[in-house]
Structures are given as structure tokens and as C-alpha cells.
Amino acid sequence: AEAEMRKYIGGYAIHLRRNAGEIMGRVGEPPTHARELVKACAKFVAHLRARPSKTQDEVAERELSSRLTAQYARLMMCLAGAMGKTAIDTDVLQRVRRCALDTARGKTFDIAGMLYRASGQGGHEVDTLQVLTGEPPEKLRPLLRFLRKIKVVEQYQPEVGGRKGRPRWRLTDKMADLYRVVVEEGV
């Protein structure tokens with residue numbers, strides 16, 4: 001049964017390769033909401049997959065979202081063609097979104113989720129994030145500083161009883177919007 005399945009999958013892959021121009025020509029122009037979701041997914045992944053350089057003193061930045069946008073747009077069109085669609089629909093967009101979420105998974109994704117869910121309470125203190133993530137302070141603090149540098153999180157001090165409270169971390173407004181669009185709303 002496995003050999004039979006491989007034969008069919010291989011045959012379909014050959015068919016797609018040989019007829020790519022014709023197949024892709026059937027897929028219509030993506031609608032505006034599809035292009036917007038692709039851009040949001042690319043920005044989201046670019047921020048959450050960014051890592052500080054461990055070997056260089058250079059400014060570590062996130063990946064260019066324009067490159068990811070082009071990749072996700074190509075994925076969207078190829079998925080539609082491979083699925084035999086003539087238009088970008090919800091099924092195609094759900095698969096593109098799932099790809100972005102799978103790519104974004106990791107420690108920074110988890111922290112972003114914790115801060116997003118805590119936005120109604122004004123974010124979290126470092127001590128709370130340490131407990132929630134299980135990360136020691138010597139790893140968590142530099143990661144939060146890096147995420148602040150690339151504008152994923154921000155630190156602030158709320159007023160408590162007329163005095164400054166303990167510093168808290170929260171998502172930036174732009175990152176909270178991206179999280180809402182890509183993770184919460186989806187397609």
C-alpha cells in the first residue's frame with residue numbers, strides 16, 4: 001500500500017511540474033483580504049523568528065518581511081493550483097496561515113501569546129514571565145531586551161496608588177494587532 005501511495009504522489013508531483021504554467025494560469029488574482037493576510041503572516045513570522053546574534057556584535061535584526069511576503073504569496077498561489085482551485089479561498093488561506101504559525105512557533109511565540117492574553121491586565125512582570133515560561137532570568141531578560149529592540153514588546157511602569165509600580169512587559173500595539181489578525185482571527 002505504501003509503494004502504491006508513493007507511485008501516486010510521485011506521479012502527481014511530476015504532473016504538477018510538467019503542467020505548472022497551465023495550472024497556475026487557472027488561478028485568479030488573489031483578493032485584497034488574501035494579500036493582506038499574507039503580509040500580516042510575513043511580518044508576524046519575521047518578528048517572532050528573529051534571534052540575536054550569538055557570535056557577532058552587529059545589530060541583530062529580524063528577517064525582511066518583504067522576502068517572506070513573496071514566499072507566502074507564492075505558497076498561496078501554488079497551493080491553490082495544486083488543490084485544483086481557480087480562486088484563492090478560505091481553505092487555501094487557512095493552509096498558508098497554518099504554515100506561518102508553524103514557522104513562528106517557539107519561545108518568542110509563547111511569550112507573545114502570554115503577553116497578548118495578559119493585555120487586559122496590563123501585561124506581565126518579569127517574575128511572572130519566568131514562572132510561566134520556566135526560563136531563568138539570565139535567559140529571559142536578554143530575550144525581552146532583544147524583543148524590545150525589534151519592537152515586539154515594550155516595558156512600562158504602571159501607576160499604583162499614585163506611585164510607580166513594578167515594571168511590566170506588554171506587546172507593542174503593532175505586534176498585538178498582528179497577533180490578533182494572524183493567531184486569533186485567522187481566515
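This passage describes the nonpolar core of the structure and the helices that pack around it.

The model is predicted, with local features taken at pLDDT of at least 70, side-chain atom pairs counted only at pLDDT 80 or more, and totals for chains, interfaces and linings using all residues. Residues are numbered from 1 along each chain as its sequence is written, and side-chain values use heavy atoms, with hydrogens and water left out.

A good place to begin is the core. The largest nonpolar core holds 48 residues; such a core is a set of buried Ala, Val, Leu, Ile, Met, Phe, Trp, Tyr and Cys residues joined through side-chain atoms within 4.5 Å. Here buried means under 20% relative accessible area, exposed over 50%, and partly exposed in between, with a 1.4 Å probe and protein chains only. F44, L48, Y72, M76, I88, V152 and L171 have the most contacts inside this core. At least two core residues come from each of α3 (32-48), α4 (65-82), α5 (90-104), α6 (107-117), α7 (126-133), α8 (137-149), β4 (168-171) and α9 (173-185), where helices (H or I, at least four residues) and strands (E, at least two) are DSSP runs numbered from the N terminus. The most generous contributor is α3, with 10 residues.

Two of these core residues show what surrounds them. L48 sits in helix α3 and, because its relative accessibility is 0%, counts as buried. Beyond its neighbours within four places in sequence, L48 is in contact (heavy atoms within 4.5 Å) with A104, T108, F109, A112, V152 and M175. By contact, I88 meets V27, P30, P31, A34, M76, M77, A80 and L93, again leaving aside neighbours within four places in sequence. From C-alpha to C-alpha, L48 and A80 are 27 Å apart in space, with their positions 32 residues apart in sequence.

The helix pairs come next. Two packed helices are described by the angle between their axes and the distance between the axes. Axes are lines fitted to C-alpha atoms, for helices over the stretch in contact, and angles run from 0 to 180 degrees between N-to-C directions. Helices α3 and α9 pack at about 120°, their axes 9 Å apart, and are therefore oblique to each other; angles under 35 degrees count as roughly parallel, over 145 as roughly antiparallel, 65 to 115 as roughly perpendicular and the rest as oblique. On the α3 side the contact is made by L37, A40, C41, K43, F44, H47 and L48, and on the α9 side by M175, L178, Y179, V181, V182 and V183. This contact comprises 11 nonpolar, 1 polar and 1 charged residues, with Ala, Val, Leu, Ile, Met, Phe, Trp, Tyr, Cys and Pro counted as nonpolar, Asp, Glu, Lys and Arg as charged, and the others, Gly among them, as polar.

Helix α9 also packs against α6, at about 105° with axes 11 Å apart, so α6 and α9 are roughly perpendicular to each other. F109, A112, G113, Y116 and R117 of α6 meet A176, Y179, R180, V183 and E184 of α9, a contact of 6 nonpolar, 1 polar and 3 charged residues.

Helix α6 itself is mostly covered, with 8 of its 11 residues buried. Among them is T108, which counts as buried because its relative accessibility is 2%. Away from its neighbours within four places in sequence, T108 is in contact with L48, R51, L143 and L147. By contrast, Q121 is found in the loop between α6 and α7 and counts as exposed because its relative accessibility is 57%.
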